Amino acid sequence: MKRPRALRRPHFRVADMAQQSVGGFLLAGPFVVTAEVWELAAGMNWIQATVTAVLVGLIGYAALYRADTGRDVDEEPDLVGIPTRFVSLMTVAFGSVLLLALIFDAPHTFLVEGGIGDGAVVATTAKAVAVGAVFSVVGAATADSVF
């Protein structure tokens, strides 16, 4: 059941992205600095990494537009046909993990010092970002929906 238009939340605002960022960074942090995540990513193939990234998108979409009945995907402003709020959520989910990984120098700490060559560092980092984004998207979507 949809809420009357007068009771619905306003369109996507910059403050919404700030809320998503807080939630995304909050849940991403512990996974960026965990050796098991980097070991898991090193052992993943590209199909598993792609499925993980798609899962992040599905979780994000479901949290924004299925679990929160106060939003209507058809009334959201869009960017090339994709709701702006969803684009922001995906940017925060993947971006927060990547940014924290680079700030903490996690690829060097967990990969280079662990003996993984330079060529595999970028690929493994991308896979680790996908793994971390699973958790980051939950925090980002929750913060966006609650506040």
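Let's start with Ala93, which touches Val56, Ala133, Ser136 and Val137 once we set aside residues up to four places away in sequence. Please keep in mind that we are looking at a predicted model. Ala93 sits in helix 4, residues 84-103. Is Ala93 buried or exposed? Ala93 is buried, because its relative accessible area is 0% and the cut-off for buried is under 20%. One more pairing for this residue: Ala141 is 48 residues away from Ala93 in sequence, yet the two C-alpha atoms are 9.0 Å apart in space.

Now let me zoom out for a moment. The chain has six helices and two strands, and along the sequence they run α-α-α-β-β-α-α-α. Of its 147 residues, 40% count as buried. If you take the contacts between residues at least 6 apart in sequence, 82% of them join residues at least 24 apart.

Back to helix 4, then. How does its length compare with what we should expect at 1.5 Å a residue? Its 20 residues should span 28 Å, and the end C-alpha atoms are 27 Å apart, which agrees. There is a kink in helix 4, though, of about 25°, centred on Gly95. The buried residues of this helix include Phe86, Leu89, Met90, Ala93, Val97, Leu100 and Ala101. As a reminder for anyone following along on the screen, an α-helix has 3.6 residues a turn, so residues three or four places apart point the same way. Just past the end of helix 4, have a look at Asp105, which takes a positive phi of about 60°.

Next, helix 3, the home of Val56, one of the buried residues there. Other buried residues of helix 3 include Ala49, Thr52, Gly57, Gly60 and Leu64. What covers them? The cover includes strand 2, residues 82-83, along with helix 4 and helix 6. Helix 3 has 21 residues and reaches 29 Å from its first C-alpha to its last, close to the expected 30 Å.

Helix 6 deserves a stop too. It has 29 residues and reaches 41 Å between its first and last C-alpha atoms, close to the 42 Å expected. Where does helix 6 bend? The bend is at Ala133, by about 35°. You have met Ala133 already, as one of the residues that Ala93 touches.

On to the nonpolar cores. The largest has 16 residues, and those touching the most other members are Val32, Val37, Trp38, Val97, Ala101, Ala106 and Ala128. Helix 1 (14-32), helix 2, helix 4, helix 5 and helix 6 each supply at least two residues of this core. Which of them gives the largest share? That is helix 6, with four residues. If you would like one residue to click on, try Ala106: leaving aside neighbours within four places in sequence, Ala106 is in contact with Val32, Trp38, Ala101 and Leu111. There is also a second, separate core of 13 residues, with Leu64, Ala133, Val134 and Ala140 among them.

Last topic, the aromatics. The structure holds four aromatic pairs, and I'll show you two. In the pair of Trp38 and Phe110, the ring centres are 6.0 Å apart and the planes are at 15°, so this pair is stacked. Trp38 lies in helix 2 (residues 35-43) and Phe110 in helix 5 (residues 106-112), so the pair ties together parts that are 72 residues apart in sequence. Trp38 is buried, at a relative accessible area of 3%, while Phe110 is partly exposed, at 25%.

The other pair is Tyr61 with Phe86, whose ring centres are 5.9 Å apart and whose planes are at 75°, so we call it edge-to-face. Tyr61 belongs to helix 3 (residues 46-66) and Phe86 to helix 4, so here the pair ties together parts 25 residues apart in sequence. Tyr61 is partly exposed, with a relative accessible area of 28%, whereas Phe86 counts as buried at 16%. Add Tyr65, and Tyr61, Tyr65 and Phe86 form one aromatic cluster.

And one ring with a charge to finish: the charged end of Lys127 sits over the ring of Trp46, 5.0 Å from its centre. Thanks, everyone!

Technical notes:
Residues numbered from 1 in each chain as written. Predicted model: local features only at pLDDT ≥ 70, side-chain atom pairs only at ≥ 80, totals over all residues. Heavy atoms only, no water. Buried < 20%, exposed > 50% of the residue type's maximum accessible area, 1.4 Å probe, protein only. Contact = heavy atoms within 4.5 Å. Phe/Tyr/Trp six-rings, centres within 6.5 Å; stacked < 30°, edge-to-face > 60°. Lys NZ or Arg CZ within 6 Å of the ring centre and 35° of its normal. Core = buried A, V, L, I, M, F, W, Y, C linked by side-chain atoms within 4.5 Å. Expected span 1.5 Å × (residues − 1). Bend = angle between axes of the 7 residues up to and from the residue.
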